[in-house]
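The following paragraphs lead the reader through selected features of a protein structure. They begin with the nonpolar interior and then turn to a charged residue.

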Amino acid sequence: MIRFTEQKGKFIKHCPCTPDVVPCGYYNLNLHTGCPYCCSYCILQAYLETTEPIFFTNFDDMEKELEEVSQTRQYLRIGTGELTDSLALDLQTGYSHKILDIIEKFPEIVFEFKTKSSHVENLVSYKKVLRNIVVSWSLNPREVIEREELLAPGLIARLGAVEKAQAHGYKIGIHFDPIVIFAGWQAAYLELVKEIAKVIEPSRIAWWSLGALRFPYSLREHIFKHQGSRLFEGELVKGHDGKYRYFKPLRLQLFRYMKQIIRENISDDAPLYLCMEDKEVWEEIFPEIHPDEEAVNQYLYQSALK
Ligand code: SF4
């Protein structure tokens, strides 16, 4: 059941990222929390007191905060998809229209709806297409969706929604996060990239993140509930932030491979970036991008508005 209530705290927060990595300068707009999809690797399952969907109702306060933050920060990228799925419950709540009504007043802010759902009905029925909106999908090979994302729509449904949003004129974001290692991962990710290539128009891609699997120890119980989970197949080590992630040489191998197959099958110019990776990994994978928050944020902001 969806709960509607007032947001008593701040709506806008700098993405907490993790220590000693290169943050991308993203901001979270906490307009709703909780997610119906319950994916095996999802940190919300460990962090939130309840996964019951909660939607905040004080839009005037949210707009005031946006006004304040937009005056203090250039190149603002913000979205609702960190503590929830931006569109999973949009047919029930209609929140996407309320957000668009407000974001229309802030053409200099790049706003992202981040989702695994296929519910773009409200987005494509909105009165106009705003050039500062990015609709992005978290995508994974079928093998991962079937084991780790049991309640989320399948790949075909998500790609169908990508096509609809793109045809309507929205910029598209793609998130390969988490990238999971399992027997046959290279072939599975290549097939995924080829499926994306059939629907995506490379010039419409605002950004494309690459993030390797990582999770805190406290998520183990939740992962174990997914009996077919393959999250423990790759070699995981505990990082200084307490999160388990793949051993660095494995992560480098993953990222090199993703970069290669995306560049070969989609576009040499695909605006790729890394989520929660340190400077060393950035320098190795994307030597052309200066690995600091301001530079990465500006690169992604400009890519979204080009
Ligand atoms: S790199 Fe990922 S976790 Fe870090 S600030 Fe950006 S979106 Fe947030």
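In this predicted model, the largest nonpolar core comprises 105 residues. Those with the most contacts inside this core are Phe-176, Tyr-189, Ile-196, Trp-208, Leu-210, Met-258 and Ile-262. Helix 10 (residues 248–265) supplies the largest share of the core, with 8 residues.

Phe-176 offers a point of entry into this region. Leaving aside residues up to four places away in sequence, Phe-176 touches a set of residues that includes Tyr-189, Ile-196, Trp-208, Leu-210, Met-258 and Ile-262. Leu-139, Leu-192, Val-193, Ser-209 and Gly-211 are also among the residues that Phe-176 touches.

The strands of this region may be considered next. Strand 9 (residues 171–179) and strand 10 run parallel and are joined by 6 bridges. Within this arrangement, His-175 stands opposite Ser-209 of strand 10. Strand 10 (residues 205–212) has 8 of its 8 residues buried, so this strand is largely enclosed by the rest of the structure.

Attention now passes to Asp-85, which is located in the loop between strand 6 (77–79) and helix 3 (90–93). Which side chain of opposite charge is nearest to Asp-85? That side chain belongs to Lys-116, 6.0 Å away, and Asp-85 has no salt bridge although it is buried. Polar atoms are nevertheless present around Asp-85: the side chains of Asp-85 and Thr-115 are joined by a polar contact of 2.5 Å, and a polar atom of the Asp-85 side chain lies 2.9 Å from the backbone nitrogen of Leu-87. Not counting residues up to four places away in sequence, Asp-85 also touches His-32, Gly-34, Cys-35 and Tyr-37, among others.

Technical notes. Residues are numbered from 1 along each chain as its sequence is written. This is a predicted model: local features need pLDDT of at least 70, side-chain atom pairs count only at pLDDT 80 or more; totals for chains, interfaces and linings use all residues. Side-chain values use heavy atoms; hydrogens and water are left out. Helices (H or I, at least four residues) and strands (E, at least two) are DSSP runs, numbered from the N terminus. Buried means under 20% relative accessible area, exposed over 50%, partly exposed in between (1.4 Å probe, protein chains only). Lys and Arg count as positive and Asp and Glu as negative; His and the chain ends are not counted. A salt bridge is a side-chain nitrogen of Lys or Arg within 4 Å of a carboxyl oxygen of Asp or Glu. A polar contact is a pair of N or O atoms within 3.5 Å; within protein, one must be able to donate a hydrogen and the other to accept it, and residues adjacent in sequence count only if both atoms are side-chain atoms. Contact means heavy atoms within 4.5 Å. A nonpolar core is a set of buried Ala, Val, Leu, Ile, Met, Phe, Trp, Tyr and Cys residues joined through side-chain atoms within 4.5 Å. Two strands pair if DSSP finds at least two bridges between them.
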